[in-house]
Amino acid sequence: MARKSSSRQQSSSSSTSSRGRRDRKGAPGSGRRKSCPYCRDKVDVVDYKDFGGIRRQLSEKGKIRSARVTGCCRRHQRQLARAVKRARELGLLPYVSQ
């Protein structure tokens, strides 16, 4: 009798986990992560003089977007932040957009 109850518990727990996965389909956090745009284009170093590439990674207010939003890998996100700071220091990019 103890065996039957344990087998019922296992079957019910496995069906619950599969149901939970089905319910989450399309929810935030599910699916594949974006590939890094710089890795995709085989860029070794993010250049501070590349306005087009850097501008896409900035918000409307001029803030650097997070890696989750941009999809950049850790290495290129660090290089991007450094390039934005250099461009701001040289006056190529504004610190704050209006």
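**Contacts, helices and cysteines in a predicted model**

User: Among contacts in the chain between residues at least 6 apart in sequence, what share joins residues at least 24 apart?

Analyst: The model is a predicted one, and a contact here is a pair of residues with heavy atoms within 4.5 Å. Taking the contacts in the chain between residues at least 6 apart in sequence, the share that joins residues at least 24 apart is 64%.

User: How many helices and how many strands are in the chain, and what pattern does the chain follow along the sequence?

Analyst: The chain holds 5 helices and 0 strands. When the elements are read along the sequence, the pattern that results is α-α-α-α-α.

User: What percentage of the residues is buried, and what part of the exposed area do carbon and sulfur atoms supply?

Analyst: A residue counts as buried when its relative accessible area is under 20%, and of the 98 residues in the chain the buried ones make up 22%. The chain exposes about 8200 Å², and the part of this area that carbon and sulfur atoms supply is 50%.

User: How far does H5 reach from its first C-alpha to its last, and what span is expected?

Analyst: Helix H5 runs over 74-90 and has 17 residues. At 1.5 Å a residue the expected span is 24 Å, and the reach from the first C-alpha to the last, which is close to that value, is 25 Å.

User: Which helices do the buried residues of H5 pack against?

Analyst: The buried residues of H5 include His 76, Leu 80, Ala 83, Val 84 and Ala 87. In general, an α-helix has 3.6 residues a turn, so residues three or four places apart point the same way. The partners that the buried residues of H5 pack against are helix H2 (37-40), helix H3 (51-56) and helix H4 (67-70).

User: Is Gln 79 buried or exposed, and which residues is it in contact with beyond its neighbours within four places in sequence?

Analyst: Gln 79 has its place in helix H5, and because its relative accessible area is 14%, under the 20% limit, it is buried. Once its neighbours within four places in sequence are left aside, the residues in contact with Gln 79 are Asp 44, Val 45 and Val 46.

User: Which residues form a nonpolar patch on the surface, and why does Leu 92 count as partly exposed?

Analyst: The patch is made of Phe 51, Leu 90 and Leu 92, which together have about 280 Å² of accessible area. Leu 92 lies in the segment after helix H5, and just after H5 there is also Gly 91, with a positive phi of about 85°. Partly exposed residues fall between 20% and 50%, so Leu 92 belongs to that class because its relative accessibility is 35%.

User: Which side chains meet in a salt bridge, and how accessible are the two residues?

Analyst: A search of the whole structure finds 1 salt bridge, in which the side chains of Glu 60 and Arg 65 meet with an N to O distance of 3.5 Å. Glu 60 counts as exposed because its relative accessibility is 68%, whereas Arg 65 is partly exposed because its relative accessible area is 26%.

User: How many disulfides does a search of the whole structure find, and why is there no bond between Cys 73 and Cys 39?

Analyst: The number of disulfides found is 0. Cys 72, for example, is in no disulfide, and the nearest cysteine sulfur, that of Cys 36, is 4.6 Å away. Cys 72 is buried, with a relative accessible area of 1%, while Cys 73 counts as partly exposed at 24%. A disulfide needs sulfur atoms within 2.5 Å, and the closest cysteine sulfur to that of Cys 73, in Cys 39, is too far for a bond because the distance is 3.7 Å.

User: Where is Leu 58 found, and which residues does it touch, not counting those up to four places away in sequence?

Analyst: Leu 58 is found in the loop between H3 and H4, and it is buried because its relative accessible area is 6%. Leu 58 and Ala 81 are 23 residues apart in sequence, and their C-alpha atoms are 10.0 Å apart in space. Not counting residues up to four places away in sequence, Leu 58 touches Lys 63, Ile 64, Arg 65, Val 84, Arg 88 and Leu 93.

Notes: Residues numbered from 1 in each chain as written. Predicted model: local features only at pLDDT ≥ 70, side-chain atom pairs only at ≥ 80, totals over all residues. Heavy atoms only, no water. Helix = DSSP H or I, 4+ residues; strand = E, 2+ residues; numbered from the N terminus. Buried < 20%, exposed > 50% of the residue type's maximum accessible area, 1.4 Å probe, protein only. Areas by Shrake-Rupley, 256 points an atom, 1.4 Å probe, with all protein chains shown as cover. Patch = residues over 30% accessible without salt bridge, like charges linked within 9 Å, V, L, I, M, F, W, Y side chains within 5 Å. Salt bridge = Lys/Arg side-chain N within 4 Å of Asp/Glu carboxyl O. Expected span 1.5 Å × (residues − 1).
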